Amino acid sequence: MNPRLRFEFPYVKVEYENKAEAVAAQAKLNEYMLGRRRLQVEMAMSRLDHHDKWTIFPHAKDEPIVQPGLSPAQQEELQRTVHVFHVHKSVTRKELVSAFSRVGTLEGIGVRGAPDERECRAALVLFETREFAQQAVNALRGFMMANEVLSLAFSKKDDTLQGVEGVTFGKLLTSGITERSEATESAREARVPTTLHVFNLASSVDQFDVFQLFRTAGTVVAMEPRLRYEEPYVNVEFETAEQAAKALELHGAPLAGQALHVEFAEKPIDKLSKWTLHPLAKEEPKIEAGLTAHQQEQLQRTVRIGRLHKSVSRKDLIRIFGRVGPLEAVGCRGVPDERDCRAALIVYETRELAQLAISCLQHLLVADSVIVLEFSKHYECLQSVERVQSRQELPTSANQP
């Protein structure tokens with residue numbers, strides 16, 4: 001299998017052992033209802049790339065490498081334990097249970113270690129059987145949670161199992177969460193009057209769609225998007241409690257064909273997290289010396305996009321960034337790197353629009369890659385952009401105030 005689920009038009013390539021099985025699957029599953037949509041199944045035009053790191057092999061069998069000197073019982077337990085890397089610190093134990101219990105019965109689960117410089121840590125998932133653990137390693141490798149792509153492998157050391165707080169061995173986890181502490185219960189009772197928790201979001205909604213809608217109720221000072229969770233949500237902080245109370249009236253409002261659920265948040269937004277967005281931020285562009293006043297002004301309206309997947313077209317960029325405001329020029333530059341990513345430049349009509357794009361579209365997931373935005377620093381890079389010829393190229397937003 002080769003999943004491409006974070007593209008604008010998500011798809012999955014599935015390879016069978018023989019043509020007859022593939023033909024039977026197409027006949028049976030075309031127009032099959034999955035979730036809220038009907039599948040469209042057709043024969044692929046190209047072969048599945050077995051050397052692609054994102055390709056999944058459901059029948060692969062890895063031989064766990066465990067430390068020597070363990071008893072048979074300890075070795076057997078390690079062979080049922082999956083080590084999960086790049087788990088963002090905001091991912092809860094309940095969310096891990098929800099994601100991994102789809103594979104099979106869990107016996108224990110827990111997170112370990114302090115977050116690293118990427119605000120990530122590790123987790124351990126103990127399945128009831130080795131077959132479940134192998135299936136999780138095969139099928140969930142590359143799975144995205146909280147804007148981070150998970151990496152999975154069999155655990156190698158028995159002492160890590162004993163050091164994980166909260167792992168309950170020998171007990172079936174059906175509720176997905178252990179008993180809450182008194183502090184957690186107190187936090188649920190004390191809601192934050194200036195911050196709203198927005199959920200029940202359609203899969204096509206991103207943070208800018210939410211910003212465009214909620215800015216109609218007041219001044220949005222911070223946003224905490226968690227759109228790649230199994231149950232995506234965005235926390236929105238307003239300047240005053242009165243504005244938040246007004247925005248609460250948006251409960252039930254349609255966004256991308258789905259009614260929003262809005263309530264007061266249980267905890268304030270972490271302003272220091274790298275994933276938190278600050279719509280009112282004002283950065284001073286650092287540009288090269290020796291430019292004319294006109295060149296400096298043009299650079300102050302130019303946004304550089306990093307880590308842009310090579311499959312993203314100029315039309316895609318216009319659609320995504322044109323929602324912020326009128327574009328003057330758009331262009332991709334450079335050759336793809338080892339991650340198949342390159343850079344792009346967006347020139348807005350005003351500096352304020354460029355700043356808003358950087359503030360609200362930072363870390364947006366585009367075609368399986370989390371983009372990074374900043375003001376462009378070098379004027380010579382602008383020679384590669386192509387002017388937007390017509391306003392008709394620009395998208396319109398139903399929530400534009």
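Helices (H or I, at least four residues) and strands (E, at least two) are taken here as DSSP runs, numbered from the N terminus. On that basis, the protein chain has 11 helices and 23 strands. The structure is a predicted model, in which local features need pLDDT of at least 70 and side-chain atom pairs count only at pLDDT 80 or more, while totals for chains, interfaces and linings use all residues. Residues are numbered from 1 along each chain as its sequence is written, and side-chain values use heavy atoms, with hydrogens and water left out.

A few overall values help a newcomer to find their way. Of the 401 residues in the protein chain, 44% are buried; buried means under 20% relative accessible area, exposed over 50%, and partly exposed in between (1.4 Å probe, protein chains only). The accessible surface of the chain comes to about 22100 Å², and carbon and sulfur atoms hold 51% of that surface. Such areas come from the Shrake-Rupley method with a 1.4 Å probe, and for residues only the protein chains shown count as cover. Among contacts (heavy atoms within 4.5 Å) between residues at least 6 apart in sequence, 73% join residues at least 24 apart.

The interior can be described through its nonpolar cores. A nonpolar core is a set of buried Ala, Val, Leu, Ile, Met, Phe, Trp, Tyr and Cys residues joined through side-chain atoms within 4.5 Å. The largest such core has 53 residues, and F214, F321 and Y348 touch the most other members. Helix α11 (residues 351–360) gives this core its largest share, 6 residues. Another core, of 25 residues, lies apart from it and includes V84, A136, A146 and Y229. Leaving aside residues up to four places away in sequence, the contacts of Y348 include V303, F321, L327, L353 and A357, along with R301 and E328.

Helix α7 (residues 207–214) is mostly covered, with 8 of its 8 residues buried. The buried residues of α7 include F208, V210, F211, L213 and F214, and also D209. At the N-terminal end of this helix, D206 acts as a cap, with a side-chain oxygen 3.0 Å from the backbone nitrogen of F208. The backbone nitrogen of D209 lies 3.1 Å from a polar atom of the D206 side chain. Polar contacts of this kind are pairs of N or O atoms within 3.5 Å; within protein, one must be able to donate a hydrogen and the other to accept it, and residues adjacent in sequence count only if both atoms are side-chain atoms. D206 itself is found in the loop between β11 (195–199) and α7. With a relative accessible area of 10%, D206 is buried. Beyond residues up to four places away in sequence, D206 touches L227, R323 and L364.

Charged pairs form another theme. Side chains of opposite charge can pair when their charged atoms come close. A salt bridge is a side-chain nitrogen of Lys or Arg within 4 Å of a carboxyl oxygen of Asp or Glu, and the structure holds 13 of them. In one of these, the side chains of R323 and D206 meet at 2.8 Å, N to O. This pair links distant parts of the chain, with R323 in the loop between α10 (314–321) and β18 (327–333), D206 in the loop between β11 and α7, and their positions 117 residues apart. R323 counts as buried, at 13% relative accessibility.

K271 forms a salt bridge with E237, and their closest N and O atoms are 3.3 Å apart. K271 lies in the loop between β16 (261–264) and α9 (293–299) and E237 in strand β13 (residues 233–238), so the pair ties together parts that are 34 residues apart in sequence. Here K271 is partly exposed, with a relative accessible area of 39%, whereas E237 counts as buried at 13%.

R304 and E374 form a further salt bridge, with the closest N and O atoms 3.9 Å apart. Because R304 lies in strand β17 (residues 302–309) and E374 in strand β22 (residues 372–375), the pair ties together parts that are 70 residues apart in sequence. R304 is partly exposed, with a relative accessible area of 29%, and E374 counts as partly exposed at 31%. In addition, E297, R301, E328 and R387 are linked in a network of salt bridges.
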